[in-house]
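This report concerns the surroundings of a bound ligand and the sheets of the protein that holds it. The sequence and structure are shown first.

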Amino acid sequence: MPAARLYPIFTQLAGRAVLVVGGGSVAERKVAGLLDADAQVSIVAPDFTPQLSAWAENGRISLIFGKFNEDQLERQWLVIAATADPGVNAQVAAAAERRRLWANVVDDAALSSFQVPAVIDRAPLVVAVSTAGAAPVLARLVREAIERLLDPSLGALAALAERWRERIRGRFVDLGQRRRFLERLFRGRVAELVRRGQIAVAEASLAGELDGAPAAPAVGSVVLVGAGPGDAGLLTLKGLRALNEADVILHDSLVGPDVLALARRDAERIDVGKRAGAHSRSQDEIHALLLTQARAGKRVVRLKGGDPFVFGRGGEEIEFLHAHGIAYEVVPGVTAALACAAYAGIPLTHRSSAQSVRFVTAHCKASLDTLDWAALAAERQTLAVYMGVAGLERVRDRLVAHGRAATTPIALIENGSRTNQRVVIGDLANLPQVAREHAVVAPALLIVGEVAALGAQLHWFGSAPLTQAPPLARAA
Ligand code: SAH
């Protein structure tokens, strides 16, 4: 017969005595949670972890050296048994039962009269997850899923609501009205300001709304989100939350289908992708689209490959939004240089050979002409060149002309972090040749510097790096 359903409760333990039996790392985790709740913790064991001893020295907990005995349950509100000895755990559970004291035996649902749930902590907002001990691993997976959904700023939002509770109650005596006001509060501008860390502005806005100032007209907002280079796992949690809340998503062609698949099902998706040569939409058209969507009250996500502020024209977009009074947020993404280097096993800096790294763009001839080649050719640095694959010869020629050794290792990473990633390793001298030999196509990133050679041994993702033809064959 399945065990009876548990009745969930949250307990007020501040200043109340709680006994923990056991002095190891499991006990330590339990004590940490109890201290967060300001419980008065005593702990009994023959010996204790260094952290438990340190807490005792600071006067935060009391240690009882020795064995558990039933008298120690006197005056306790709760007891937790966290020893590795099933006999002791059973003894604690039985003694607690006789005294009608709530007892938890770690990892033993049958012996426990209460259980400690997995929690998602956005205090004062706390979400607790339990499977009544049936499947703790499942509870942990559910906890992870919820953890991803809830923005960390919800704690601050709940605290704000608590501070304003009386005033809100005074203003809206009618329960229905109050509920509608609070729902707007938790979804609207105040919540957005809290998410941006602007608590004082949020409170001022809330004060205005309570004073009967007409609620600001529903204007939308724009979140610039960096989608990362391709692997959907590289999207940030914050980016994922924005995609979950979006009404409309304007994305580049560099953004892969795996990332788009994570967005809210009914969000409208608009591909504003531009490919060199075949502009499908001008930057002005994108600006205009952002503006009309936001003014229509939509929550707009502007989803960009990599990071929005690295060669992504994100700067121009927020300048435009700023000038037009549209609220915006920016969520960074993993830029191609970081992702390509990581997924090719090429550290961008290295104590022995690269003390700095530069992100450079060389998308067309004009951008090549304005670069400071003397500085780029300096030794002991890594270059990460974002570019079309057409200009490799010119990059090689200028670096060598300005003094970078022709033997400097290079790596070209095509479709970095995607399942079809290819890495080509060579040196500056033969860069255009190896690219041609292996027909490297966009999107590809060029890494120049001693570190590039490390990819030959340290690669771990996708197929093994391709190299130039052997030196002898080349010399011939
Ligand atoms: N904002 C983007 C860069 C846009 S510029 C970012 O932060 O990554 C476009 C250039 O980025 C491409 O020409 C290519 O050089 C590089 N790039 C983007 N994604 C890439 C990928 N998955 N693999 C290799 N290079 C990539």
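## Position of the ligand

In this predicted model, the shell around the ligand draws residues from both domain 3 (221-334) and domain 4 (337-467), so the ligand lies between these two domains.

Three elements each give two or more residues to this shell, namely helix 14 (336-344), strand 16 (381-387) and strand 19 (444-448).

## Shell and polar contacts

The ligand is surrounded by 20 residues, of which D307, V310, T335, G416 and A444 are the closest. By class, the shell comprises twelve nonpolar, six polar and two charged residues.

Several of the closest residues also supply polar atoms. The side chain of T335 places an N or O atom 2.5 Å from an oxygen atom of the ligand. A ligand oxygen atom is likewise 2.6 Å from a backbone N or O atom of A444. At V310, a polar backbone atom lies 2.7 Å from a nitrogen atom of the ligand. Taken on its own, the ligand has 540 Å² of accessible area, and the protein covers 92% of that area.

## The six-stranded sheet

Strands 16 and 19, which contribute to the ligand shell, also belong to an open sheet of six strands with mixed pairing, in the order 15-16-19-17-18-20. Strand 15 (356-361) and strand 20 (466-467) form the edges; each has a single partner strand, so one side of each has no neighbour in the sheet.

Within this sheet, strand 19 pairs with strand 17 (residues 409-414) in the antiparallel sense, over five bridges. One of the residue pairs links L412 to L446, its bridge partner in strand 19.

## Strand 8 and its partners

Which residues of strand 8 point one way, and which the other? S221, V223 and V225 point to one side, while V222, L224 and G226 point to the other, and all are buried. Strand 8 (residues 221-226) is accordingly described as mostly covered, with six of its six residues buried.

Strand 8 has parallel pairings with two strands: strand 13 (residues 299-304), over six bridges, and strand 14 (residues 327-331), over five bridges. V222 takes part in both pairings, with V300 as its bridge partner in strand 13 and Y328 opposite it in strand 14. In general, strands of a sheet pair through backbone hydrogen bonds, in either a parallel or an antiparallel arrangement.

Conventions
Residues numbered from 1 in each chain as written. Predicted model: local features only at pLDDT ≥ 70, side-chain atom pairs only at ≥ 80, totals over all residues. Heavy atoms only, no water. Near = heavy atom within 4 Å. Polar contact = N/O pair within 3.5 Å; in protein donor to acceptor, adjacent residues only side chain to side chain. Areas by Shrake-Rupley, 256 points an atom, 1.4 Å probe, with all protein chains shown as cover. Helix = DSSP H or I, 4+ residues; strand = E, 2+ residues; numbered from the N terminus. Nonpolar A, V, L, I, M, F, W, Y, C, P; charged D, E, K, R; others polar. Domains from an automatic or database assignment. Pairing = 2+ DSSP bridges. Buried < 20%, exposed > 50% of the residue type's maximum accessible area, 1.4 Å probe, protein only.
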